[in-house]
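User: I would like to learn how to read a two-chain model feature by feature, with the general idea given before each case. Could we begin with the backbone and then move on to the interface?

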Amino acid sequence: MLSYPNVNDAIVQVEHLRKEFNGTVAVADVSFSVSRGEIVGVLGPNGAGKTTTIQVLLGLTTPTSGAVRVFGKELEQHRCEILQRCNFCSAYTALPPNLRVRENLRVAGGLYGVRDLFQKMDRLLELFEVAHLKDKVTGQLSSGESTRVNLCKALLNDPELLMLDEPTASLDPNIADKVRKLLRKIQREQGITMIYTSHNMRDVEEVCDRVLFLHKGRIIAEGTPQEVIVQFNQKSLEEVFITVARSGDLLGVET
Amino acid sequence: MSWHRIQALILRYTYLYARSVPRVTEIFFWPLMDLLVWGYVTLYLQRLAPPSGPANAFMFLLGAMIFWDILYRAQQGVTLSFLEDVWSRNLLNVFVAPVRVGEFVLATYIVGLFRIFVTVGVLAALAYALYSFNLFSLGMSLLPFFANLLLMGWALGMVTTALIMRWGQAAEALAWGVPFLIQPIAAVFYPLDVLPRWIQPIALGIPATHVFEGMRQVLRGEGVSPTSLMSAFVLNAVYLVAAALFFRYMFDVARRKGLLAKLGTQ
């Protein structure tokens, strides 16, 4: 029987998560917890295990070993119940391109059984400044518009836990800035817990309360962005990232 | 099972068809081409050897062609619905939502059923208009025949989808190929006794064989054999349960190997 970190009001509890794909270790041993209302950044160079960790949290991939609890329930046994209270947005997934924006949101709302769907759709489209696009075919949107529509979809069911995989990857600096501020605002107003992955360290410094630095499937640093910067004796999170990516092996990380 | 999720998935496929001229055309195009080719081939055969009894090759072949399309479209309804989500990189949006596997499969069944109603309706009307072949001359026996072909198509669809889920887009060709693997031994266009003796017991293990044999019996005016129909239903029940277990197993394998996420972002 595994024990979980003793964190009050923890929304996500991950204990000794390990994931192998045909003998290749994607996540070696990861334990962390996320408290209600926190925005936690999961960072690391390519192949660090961020995406696999998120996929496990979304129930898309099953762990090789370890335990994952969300809202205090075992993910594997309560997958659908948990997913009802979560949502996800990634720069790497798309809404069906040949449906209109409002049609895509209507389908997404239906999947989560959203009440007052049309009012919610209108409110979110206004919030992300894409209301004028609601009758447009999704495939005709620019990548920035598409990301914002995706974010509307991700917030439709008032998720308690929102997982964002590089949500600002395809946005220009102006829109990216607006989206970061909006996410912060939504989090403050609704108390949503967010898990955020990004390669844009400015994003992370601005948005995240706490970061987990992954390298070769293990957490090598954890704390507020400032604490991590100090821990690595660097000037910014970006410098920390480069240091980890180039000399992670020297930091005592083994798989 | 939640009806609102099933409804949302059906709505998504309805929008998809309403938005896409090639998809709507595809529902009619191939069945229509089959009907024209088979229809005229059998008219020619009829000229070479005029029928001597109430039934003739023409009725058998056209009936078989329309019945085959029911099975094929049922299988395609399940498999292509899944592939639509893969092609539009929407699979992750479906499976990160609280959609249960059973709800997903049921939605694809219902979409498949709509496709079949449309296709068979058009084919039946055209067969009557072009060749004076009345599909409804099969009477009430049409219903159990239809139900059996539908069930078998769904079972095949689940197996095909499970294989695509496991082996990815490389296995896409199976979506169109799997039904044709059974066609030669399912006595679709010729009676069971034409097949070599050793293949006949295998053929009798396929529910569709009983349907096609039954259809020919009815067209010959011999009435439908309840034993044969019951065999088809029992076999279908066994195959549906086996297909559902296989689908569930492959879904779990796909999650274990991270294939679902990979398929969803390819």
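User: In which loop of chain A is Glu166(A) found?

Analyst: Some conventions come first: this is a predicted model, in which local features need pLDDT of at least 70 and side-chain atom pairs count only at pLDDT 80 or more, while totals for chains, interfaces and linings use all residues. Residues are numbered from 1 along each chain as its sequence is written, chains are lettered from A and ligands numbered from 1 in the order in which they are written, and side-chain values use heavy atoms, with hydrogens and water left out. Glu166(A) is found in the loop between β7 (161–165) and α6 (173–190) of chain A, where helices (H or I, at least four residues) and strands (E, at least two) are DSSP runs numbered from the N terminus.

User: What is the sign of phi at Glu166(A), and is Glu166(A) buried or exposed?

Analyst: Most residues other than glycine have a negative phi. Glu166(A), although not a glycine, has a positive phi of about 45°, and its relative accessibility of 11% counts as buried, given that buried means under 20% relative accessible area, exposed over 50% and partly exposed in between (1.4 Å probe, protein chains only). Asn233(A) is another non-glycine residue with a positive phi, of about 55°, and lies in the loop between α8 (225–231) and α9 (237–247) of chain A; Asn233(A) is exposed, with a relative accessible area of 69%.

User: How should the length of a helix be read, and what span does helix α6 of chain B reach?

Analyst: The expected span of a helix is 1.5 Å times one less than its number of residues. Helix α6 of chain B (residues 142–167) has 26 residues and reaches 37 Å from its first C-alpha to its last, which is close to the expected 38 Å. Because 20 of the 26 residues of α6(B) are buried, the helix is largely enclosed by the rest of the structure. After α6(B) comes Gly168(B), with a positive phi near 70°.

User: Which residues does Thr160(B) touch?

Analyst: Contact means heavy atoms within 4.5 Å. Thr160(B), which is placed in helix α6 of chain B, has a relative accessible area of 0% and is buried. Residues up to four places away in sequence aside, Thr160(B) touches Gln75(B), Thr79(B), Leu174(B), Ala175(B) and Val178(B). The side chains of Thr160(B) and Gln75(B) are joined by a polar contact of 3.3 Å, a polar contact being a pair of N or O atoms within 3.5 Å; within protein, one must be able to donate a hydrogen and the other to accept it, and residues adjacent in sequence count only if both atoms are side-chain atoms. Thr79(B), in helix α3 (residues 57–87) of chain B, is likewise buried at 0% relative accessible area.

User: How much area do chain A and chain B bury between them?

Analyst: The size of an interface is often given as the accessible area lost when the parts come together. Chain A and chain B bury about 3000 Å² between them, with 57% of it on carbon and sulfur atoms; this buried area is the accessible area (1.4 Å probe) that the two parts lose on being put together, summed over both. In contact across the interface are 32 residues of chain A and 29 residues of chain B.

User: Which side chains meet in a salt bridge?

Analyst: A salt bridge is a side-chain nitrogen of Lys or Arg within 4 Å of a carboxyl oxygen of Asp or Glu. The rule finds 1 salt bridge across this interface, in which Arg255(B) meets Glu76(A) at 3.0 Å, N to O.
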